[in-house]
Amino acid sequence: MVFVSDDSAAESGFKFSFEFELTGPDPCESNPCQHDGECESHPDYYTCKCSDGFAGINCEIDMDECASYPCKHGGTCVDGVRDYTCDCLEGFTGKDCETPPDFCASNPCENGGLCVNRNVDFVCSCPRDFMGEKCEEPVPTPSPPPTPAPTTPAPTQPEPTEPAKN
Ligand SMILES: [Ca+2]
């Protein structure tokens with residue numbers, strides 16, 4: 001309640017009027033806004049302007065930054081303040097587990113094979129003469145085409161018998 005005296009009153013004597021302050025104390029006085037929310041006073045209520053990452057009338061709700069499923073490759077999301085962290089499956093790295101492990105880091109391909117990373121393993125692209133998962137196995141040489149019978153020279157002598165080939 002505020003008293004106002006009015007000296008300009010023409011009447012003799014004393015006049016006063018008064019106004020009520022409807023609300024009493026500042027509604028923001030109790031710091032109702034949590035998590036650094038900014039309180040705004042109104043005549044009989046307050047509003048909270050929440051800082052990033054929080055919501056609710058009193059900014060009491062820690063928003064779920066995992067709601068958009070940001071973690072890739074099977075990573076588990078852990079909600080934080082205005083942020084999240086991804087608990088990645090073994091070998092995966094990056095904030096969102098977006099980087100798969102480098103299965104080629106140990107140079108697994110032998111004999112000049114080219115290593116190519118895949119999602120959960122690697123594959124070796126082998127040079128022509130090698131095969132196997134890691135190009136460790138020589139490609140068996142194909143049996144040579146049958147040798148044509150040697151042209152017979154003049155049948156003066158009997159054919160020398162060649163030793164049998166494998
Ligand atoms: Ca959060």
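Is C33 buried or exposed? C33 is buried, with a relative accessible area of 11%. The model is predicted. Its protein chain holds 12 strands and 0 helices, and a search of the whole structure finds 9 disulfides. A calcium ion is coordinated by residues that include D62, E65 and D79.

**Chain overview**

- From the N terminus on, the elements of the protein chain run β-β-β-β-β-β-β-β-β-β-β-β.
- The protein chain has 166 residues, and buried residues make up 16% of them.
- The accessible surface of the protein chain comes to about 13,200 Å². Carbon and sulfur atoms account for 55% of that surface.
- Of the contacts in the protein chain between residues at least 6 apart in sequence, 14% join residues at least 24 apart.

**Strands β3 and β4**

- Strand β3 covers residues 38-41 and strand β4 covers residues 46-49. The two run antiparallel and are joined by 4 bridges.
- The connection from β3 to β4 is a hairpin through 4 residues.
- Across this pair, S41 stands opposite Y46 in β4.
- In a regular strand, side chains alternate between the two faces of the sheet.

**Disulfide C33-C48**

- The sulfur atoms of C33 and C48 are 1.9 Å apart, and the two residues form a disulfide.
- This link of C33 and C48 is left-handed, with -90° about the S-S bond.
- C33 lies in the loop between β2 (16-19) and β3, whereas C48 belongs to strand β4, so the disulfide ties together parts that are 15 residues apart in sequence.
- C48 has 18% relative accessibility and counts as buried, and C33 is likewise buried, at 11%.

**Loop between β2 and β3**

- N31 is found in the loop between β2 and β3. Although N31 is not a glycine, its phi is positive, at about 50°.
- The relative accessible area of N31 is 62%, so N31 is exposed because the cut-off for that class is over 50%.
- D36 also lies in the loop between β2 and β3. Its phi is positive at about 65°, and D36 is not a glycine either.
- D36 counts as exposed, at 73% relative accessibility.

**Calcium site**

- The donors of the calcium ion are D62 (OD), M63 (O), E65 (OE), D79 (OD), D79 (OD) and G80 (O). Their distances run from 2.2 to 2.7 Å.
- D79 appears twice in that list, each time through OD, while M63 and G80 each contribute O.
- The angles among the 6 donor atoms span 50 to 169°, and the site of the calcium ion is irregular.
- Along the sequence, the donor residues follow the spacing D-M-x1-E-x13-D-G.
- E65 sits in the loop between β6 (61-62) and β7 (76-79) and D79 in strand β7, so the pair ties together parts that are 14 residues apart in sequence.
- E65 counts as buried at 19% relative accessibility, because the class takes residues under 20%.
- D79 is partly exposed, with a relative accessible area of 32%.

**Disulfide C66-C77**

- C66 and C77 form a disulfide in which the sulfur atoms are 2.0 Å apart.
- The torsion about the S-S bond of C66 and C77 is about -85°, so this disulfide is left-handed.
- C66 is in the loop between β6 and β7 and C77 in strand β7, so the pair ties together parts that are 11 residues apart in sequence.
- C66 is buried, with a relative accessible area of 10%, whereas C77 counts as partly exposed at 23% relative accessibility.

**Disulfide C71-C86**

- A disulfide is formed by C71 and C86, with their sulfur atoms 1.9 Å apart.
- The disulfide of C71 and C86 is left-handed, because the torsion about its S-S bond is about -90°.
- C71 lies in the loop between β6 and β7 and C86 in strand β8 (residues 84-87), so this pair ties together parts that are 15 residues apart in sequence.
- C71 counts as buried at 14% relative accessibility, and C86 counts as buried at 15%.

How values were computed:
Residues are numbered from 1 along each chain as its sequence is written. This is a predicted model: local features need pLDDT of at least 70, side-chain atom pairs count only at pLDDT 80 or more; totals for chains, interfaces and linings use all residues. Side-chain values use heavy atoms; hydrogens and water are left out. Two strands pair if DSSP finds at least two bridges between them. Buried means under 20% relative accessible area, exposed over 50%, partly exposed in between (1.4 Å probe, protein chains only). Contact means heavy atoms within 4.5 Å. Accessible areas come from the Shrake-Rupley method with a 1.4 Å probe; for residues, only the protein chains shown count as cover. Donors are N, O and S atoms within 2.8 Å of the metal (3.2 Å for Na, K and Ca); water is not among the atoms, so sites may look incomplete. Four donors count as tetrahedral if all angles lie between 85 and 135 degrees; four count as square planar and six as octahedral if opposite donors are over 155 degrees apart and all others between 65 and 115; anything else is irregular. A disulfide is a pair of cysteine sulfur atoms within 2.5 Å.
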